[in-house]
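Reader: Could you take me through one helix contact in close detail, and then a little of what lies beyond? I would welcome the cut-offs as you go.

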Amino acid sequence: MTTIEKAPVVAAAPGTERRVARAYTLTIWGIALGILIQAVATVAWALAVGNAQLFKDGVDWVYDVALYGIAAIVFGRDARIERLAAIAIGAVMAVAGLHTLYDLWDKIVRPRPIEIWTLGFAAASAIIIAFLVVAALWRFRREDNPVIKATWLSSRNDTISTTGFALVGLAARVAPMRWPEYLFDLVVAGICFQAAWAIWRSLRRSEEAEASQSGLRNKAQTDATGGL
């Protein structure tokens, strides 16, 4: 299950072929829909068996759905939409971090039993979906469009990181002591908050750079007018 690097927020290059752009958009929406189905199925199973940890894992998929959906919406749009998408992604990351901290508090207050099969399912499904996503985007790996390239590279790297992340998370959850699991949750929450902070700082730097350039242009125009 991916939690960090997602949904590039770069405007699509105008030179992308219409056929490729259409195929990419359909693929991204297909990925978002597929993960949504996985999320609903996992949450339904968790509610049926009364497993709080599995429920958390199912809800976590919603963040992936939101991020891939944002990538699909941003593709081919202008800079204003790009900025709004960045804000939305930062908000999603912050909510994911808060959700992880809440779940950590809940499992400390109400310790959960170790259920190797359900926890193993969560880890295995995260790895399988990561490989399915990279397979779906494989056909776009040689495209020069910045959004397409960023999505492809992110999914390729994510396949490796998700595999390790899921296995480490599984090991922490089934450990005889509870502190490795709690530490793992703190790391996940910290990464989410770091991503949200990085996005916010990037937006601030972009706004400051635009304001500075606008000020220089206005000054140049004023100087030119005064010199006439």
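**The contact of H1 with H4**

Author: Happily! In H1, the residues Thr 27, Ile 31, Ile 35, Gln 38, Thr 42 and Trp 45 meet Thr 118, Phe 121, Ser 125, Ile 129, Val 133 and Ala 136 of H4, where contact means heavy atoms within 4.5 Å. By class, this contact has seven nonpolar, five polar and no charged residues (Ala, Val, Leu, Ile, Met, Phe, Trp, Tyr, Cys and Pro count as nonpolar, Asp, Glu, Lys and Arg as charged, and the others, Gly among them, as polar).

This is a predicted model: local features need pLDDT of at least 70, side-chain atom pairs count only at pLDDT 80 or more, and totals for chains, interfaces and linings use all residues. Residues are numbered from 1 along each chain as its sequence is written, and side-chain values use heavy atoms, leaving out hydrogens and water.

Helix H1 covers residues 18-49 and helix H4 residues 116-136 (helices are DSSP runs of H or I, at least four residues, numbered from the N terminus). The two pack at about 170°, with axes 11 Å apart; axes are lines fitted to C-alpha atoms over the stretch in contact, and angles run from 0 to 180 degrees between N-to-C directions. H1 and H4 are therefore roughly antiparallel (angles over 145 degrees).

Elsewhere, the structure holds four salt bridges (a side-chain nitrogen of Lys or Arg within 4 Å of a carboxyl oxygen of Asp or Glu). One of them joins Lys 56 to Asp 60, with the closest N and O atoms 2.8 Å apart. Because they are four residues apart in helix H2 (residues 52-74), about one helical turn separates Lys 56 and Asp 60.

Conventions: Parallel < 35°, antiparallel > 145°, perpendicular 65-115°, else oblique.
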